[in-house]
Amino acid sequence: MQLLTTIFESAKNKTCSPLKTKFETLMQDRPGLRRRDAAECLQVAEASLLDAQCGLLSVRLTNRFAEIIRDFPTLGYIMTLTRNASAVHERKGIYENVSINGPMGLVITSDRKIDLRILISRWDSGFAVVEDTKNGARYSLQFFDVAGVAIQKIYLQPESDLNAYQALVDRHCQIDSPMLSLNNVIDTPEYVDDNEVDKEALIKEWRDMRNVHQFFGLLKKHKISRVQSFKLAGEPLAQQFDPQLIEPLLHDIAATNLSIMCFVGNRGNIQIHTGSINTIKAVGPWLNILDPEFNLHLLKENIDSAWLVRKPSADGEITSLELYDKDGDTIAQFFGQREEGHPENQQWRNFAEGLLKTAAVA
């Protein structure tokens, strides 16, 4: 393994921990197991595996995350990965137009290849990581929340600036970092029961929206989840459809030049793809979009409900297709690409509405 600097050499000298020994035994029994799945098997957080040098070398970074993010553009062409338990979103491009205001960060590159909404206040730890692969050393920057769950990972590509990566690590590393401390108590919103909601007021306020971003405030005011709001408001504002229809829908969209938006997020980051899609492929339990600069992986068995949602705006009705797991957590959301001040793309709306017609025929 080619190391960038002696910084990573310090990782070699860390005492072999019981966790590292357990990890190595597990990987002997199950070679090729992904690190997130290995962490689940060992009943530890993924960040703990990085901290214990399990199958890699890592160096802790400082918690000055805003400064680190501002340095991302120096890396050049990279791949950014954001995931939750049921979806993985990978997008390649060059960071630019980084805007950070207190606990919030925004990245929208001029070509829309990198498009992020970052909740920096929920970032807790970061690592510079180097791993051996069949294609040589793989370098990354990986960030986690207080429970050790991944928020965002940045992977260098052959075109990336390795010298800039070294400089970033040198600037932000913690050589003598304390042992990673995790907290499994996550702040989760509390929702009221359905019978405590003023349904008529909810529907009226929903219909009176002039901007789709007002929807979050509506949920917060009524203290309800997204899925709760869909069930309470009902048709035509929210209509459920068969999740299995997502696969043929993506195939149909891929056969056109329609530009869509795909959102995948977690507690600390939302990542967005804007553009056309081309290669749709199901592999085992995963439904995948496999394009040169955009990959999406959906764990089909985790999709508990799928919804067509209509939100009013000053530019007319906006239609989204939204996927949720059994706990009501958002897996992914799809929209038609739209510029502010312009109505929704009719081709996208026809595709979305077609799901309901398919369900009616079935």
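The exercises below, each with a worked solution, concern the sheets, a helix pair, a pocket and some backbone details of a predicted model.

**Exercise 1. Establish the strand order of the sheet that contains strand 1 and strand 13, and decide which strands stand at its edges.**

Solution. Begin with the order, which reads 1-7-8-9-2-3-15-14-13 for an open sheet of 9 strands with antiparallel pairing. Next look at the ends of that order: strand 1 (57-60) and strand 13 (280-283) each have a single partner strand, so one side of each is left without a neighbour in the sheet. Finally, consider the geometry from strand to strand, where the twist averages 20 degrees from one strand to the next.

**Exercise 2. Follow the pairing from strand 7 through strand 8 and strand 9 to strand 2, and state how many bridges join each pair.**

Solution. Strand 7 and strand 8 run antiparallel and are joined by 9 bridges; they form a hairpin with 2 residues between them, and within this pair serine 125 stands opposite phenylalanine 144 in strand 8. The next step leads from strand 8 to strand 9, which pair in the antiparallel sense over 5 bridges, with phenylalanine 143 opposite glutamine 152 in strand 9. Strand 8 and strand 9 also form a hairpin, with 5 residues between the strands, and there glycine 148 takes a positive phi near 80 degrees. The last step joins strand 9 (residues 150-156) to strand 2 (residues 77-83) through 4 bridges, again with the strands running antiparallel, and here methionine 79 stands opposite tyrosine 155 in strand 9.

**Exercise 3. Identify the strands that helix 6 touches where it packs on the sheet, and give its direction relative to strand 8.**

Solution. Helix 6 (residues 162-172) touches strand 1, strand 7 (125-133), strand 8 (136-144) and strand 9. Its direction makes about 45 degrees with that of strand 8.

**Exercise 4. Describe the sheet that contains strand 4 and strand 10, working from its order to its edges and then to the pairing of strand 4 with strand 5.**

Solution. This open sheet of 9 strands has the order 4-5-6-12-11-18-17-16-10, and its pairing is antiparallel. Strand 4 (98-101) and strand 10 (238-241) are the edge strands, each with a single partner strand, so one side of each is left without a neighbour in the sheet. The twist in this sheet averages 15 degrees from one strand to the next. At the edge formed by strand 4, 4 bridges join strand 4 to strand 5 (residues 104-108), the two running antiparallel, and asparagine 101 stands opposite methionine 104 in strand 5.

**Exercise 5. Classify the crossing of helix 7 and helix 9, and describe the residues that make their contact.**

Solution. The axes of helix 7 (residues 199-207) and helix 9 (residues 226-233) come within 10 Å and cross at roughly 100 degrees. Angles from 65 to 115 degrees count as roughly perpendicular, and helix 7 and helix 9 are therefore roughly perpendicular to each other. On the side of helix 7 the contact is made by Lys199, Leu202, Ile203 and Trp206, and on the side of helix 9 by Ser229, Phe230, Leu232 and Ala233. Sorted by class, the residues of this contact divide into 6 nonpolar, 1 polar and 1 charged.

**Exercise 6. Characterise the second largest pocket by its volume and its lining.**

Solution. The volume of the second largest pocket is about 1,600 Å³. Its lining has 47 residues, of which Arg34, Leu81, Glu90, Arg138 and Tyr155 lie nearest the centre. Strand 8 gives the most to this lining, with 5 residues. By class, the lining has 19 nonpolar, 11 polar and 17 charged residues.

**Exercise 7. Locate the cis peptide bond at proline 236 and the positive phi of arginine 112.**

Solution. The cis peptide bond joins glutamate 235 and proline 236, with omega at about 5 degrees, and proline 236 lies in the loop between helix 9 and strand 10. Arginine 112, although not a glycine, has a positive phi of about 65 degrees, and its place is in the loop between strand 5 and strand 6 (115-119).

Notes: Residues are numbered from 1 along each chain as its sequence is written. This is a predicted model: local features need pLDDT of at least 70, side-chain atom pairs count only at pLDDT 80 or more; totals for chains, interfaces and linings use all residues. Side-chain values use heavy atoms; hydrogens and water are left out. Axes are lines fitted to C-alpha atoms, for helices over the stretch in contact, and angles run from 0 to 180 degrees between N-to-C directions. Angles under 35 degrees count as roughly parallel, over 145 as roughly antiparallel, 65 to 115 as roughly perpendicular and the rest as oblique. Contact means heavy atoms within 4.5 Å. Ala, Val, Leu, Ile, Met, Phe, Trp, Tyr, Cys and Pro count as nonpolar, Asp, Glu, Lys and Arg as charged, and the others, Gly among them, as polar. Two strands pair if DSSP finds at least two bridges between them. On a 1 Å grid over the protein atoms alone, a cavity is a set of points where a 1.4 Å probe fits but cannot get out, and a pocket is an open set with protein on both sides within 12 Å along at least five of seven lines; lining residues have an atom within 4 Å of a point. Grid points are joined across faces, edges and corners, and a volume is the space filled by probe spheres set on the points.
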